[in-house]
Amino acid sequence: MNVKQKLIDFIMLFRVMTPPEIPKNKTIVILFTNKNKNLPLGEFIIREPFFRMLHRRKNKLLLMSEDLKQGKQLLNISPFNYYFKKLTSYSRILAEKPDVIINLQTKRYPSRWLKQFKQKKIKIYMQAHPELLFDFKNWKFVDYFPKYFVSPRYELQRTFDIFGITCNFNNPTFIPKINYQKKKIKYDYAINLLNCGSMKSWNTEKLIDFIEINKSKKMILIGDKNAKNQEKQILDAVKVKSEVGKQNLNKLIDTINISKTIITPDTGTAHLAAAMGKKVIVGYGPTEIERWKPLGKNVIQLYNKKGCRDCRETRFCKIRTRECMDIKLNCE
């Protein structure tokens with residue numbers, strides 16, 4: 001046990017808490033944002049079973065996000081458009097008169113906000129991130145946060161910890177699901193690209209080798225506009241269809257839908273494809289596989305076992321080689 005865990009355990013001795021009962025017939029605001037004010041696609045999708053559980057107990061769910069544009073896109077996706085009644089902002093939370101607020105991100109909300117919530121007798125539950133645990137002045141406003149675990153754990157389990165529920169990840173109850181109308185398969189592989197400078201981007205030469213070896217297969221490159229530099233390197237070397245920078249969330253779902261296999265680094269696209277029941281091949285570099293890997297029967301995890309994976313960082317490679325993403329693409 002490391003020093004950080006011991007310190008947290010000591011703190012929690014003074015914060016003995018019993019998990020709350022799962023709400024029923026309540027109005028619940030889900031706070032879902034982060035320091036960059038975006039709504040992480042993968043983190044949202046992996047929690048679908050949590051939202052499903054709350055909805056089945058006849059709770060009225062509202063989503064609060066600082067990124068309203070992406071929030072609206074997500075809430076147009078089934079089943080989220082069925083679970084959530086509306087998208088709201090902080091300025092509107094009190095007007096919605098919620099019974100419970102659940103914070104699913106590490107965002108530190110100012111004491112004055114939390115004080116306002118408590119004055120209205122709103123229950124506040126949070127995930128047990130260290131950033132929140134060490135925010136001692138706000139403890140008096142929080143009704144419950146579970147014990148924090150330093151070891152890698154599924155993000156979905158961290159969410160269910162709020163109600164003391166242990167996930168069985170082989171049980172379909174805990175596997176995220178995106179509803180969609182199946183269409184005829186058009187591509188054998190959809191390959192998701194990232195910016196070449198990203199710590200998560202797959203080694204470009206390995207992708208080129210894979211495309212050349214499988215040139216008889218139908219493929220398409222996908223990714224946002226930041227992946228244009230990796231797209232250019234690939235298109236300079238091989239001929240393949242590309243829609244990099246041309247897709248929004250709905251178009252991405254359509255492309256995944258008509259593709260047999262999705263090849264992607266550790267991104268929200270991996271979680272989206274897995275939740276759609278597709279075969280997904282995920283390349284992992286610096287991030288913790290056991291915490292972030294998509295759940296599902298058709299997911300294959302690949303990583304460089306000999307490479308350095310100690311940085312646990314997505315923006316800076318300590319040894320400047322990014323060797324952790326030098327992964328041979330194997331579709332077996």
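Let's start with the crossing of helices H12 and H13, which is right-handed. Keep in mind, everyone, that this is a predicted model. H12 covers residues 249–257 and H13 covers residues 268–275; their axes come within 10 Å and cross at roughly 55°. That angle makes H12 oblique to H13, because angles of 65 to 115 degrees would be needed to count as roughly perpendicular. Who makes the contact? On the H12 side we have Leu249, Leu252, Ile253 and Ile256, and they meet Thr269, Leu272 and Ala273 of H13.

Now, over to H10, residues 204–213. Which of its residues are buried? Thr204, Leu207, Ile208, Phe210 and Ile211 are. These residues sit on the same side of H10, because the arc they cover around the axis is only 160°. If you like the textbook version: an α-helix has 3.6 residues a turn, so residues three or four places apart point the same way.

And what do those buried residues pack against? Two of the partners come before and just after H10 in your numbering: strand S6 (187–192) and strand S7 (219–222). Helix H11 (228–237) and strand S9 (259–265) are partners too. Flip to the face turned away from the buried side, and you find Glu205 and Ile213 exposed. Glu205 also comes up at the start of H10, where its backbone nitrogen has a side-chain oxygen of Asn203 within 3.0 Å.

Zooming out to finish: the chain has 14 helices and 11 strands. Of its 332 residues, 55% are buried. And among contacts with a separation of 6 or more, 65% are between residues 24 or more positions apart. Thanks, all!

Methods
Residues are numbered from 1 along each chain as its sequence is written. This is a predicted model: local features need pLDDT of at least 70, side-chain atom pairs count only at pLDDT 80 or more; totals for chains, interfaces and linings use all residues. Side-chain values use heavy atoms; hydrogens and water are left out. Buried means under 20% relative accessible area, exposed over 50%, partly exposed in between (1.4 Å probe, protein chains only). Helices (H or I, at least four residues) and strands (E, at least two) are DSSP runs, numbered from the N terminus. The arc is that of the directions from the helix axis to the C-beta atoms. Contact means heavy atoms within 4.5 Å. A polar contact is a pair of N or O atoms within 3.5 Å; within protein, one must be able to donate a hydrogen and the other to accept it, and residues adjacent in sequence count only if both atoms are side-chain atoms. Axes are lines fitted to C-alpha atoms, for helices over the stretch in contact, and angles run from 0 to 180 degrees between N-to-C directions. Angles under 35 degrees count as roughly parallel, over 145 as roughly antiparallel, 65 to 115 as roughly perpendicular and the rest as oblique. A crossing is left-handed if the near helix is turned anticlockwise from the far one by less than a right angle, and right-handed if clockwise.
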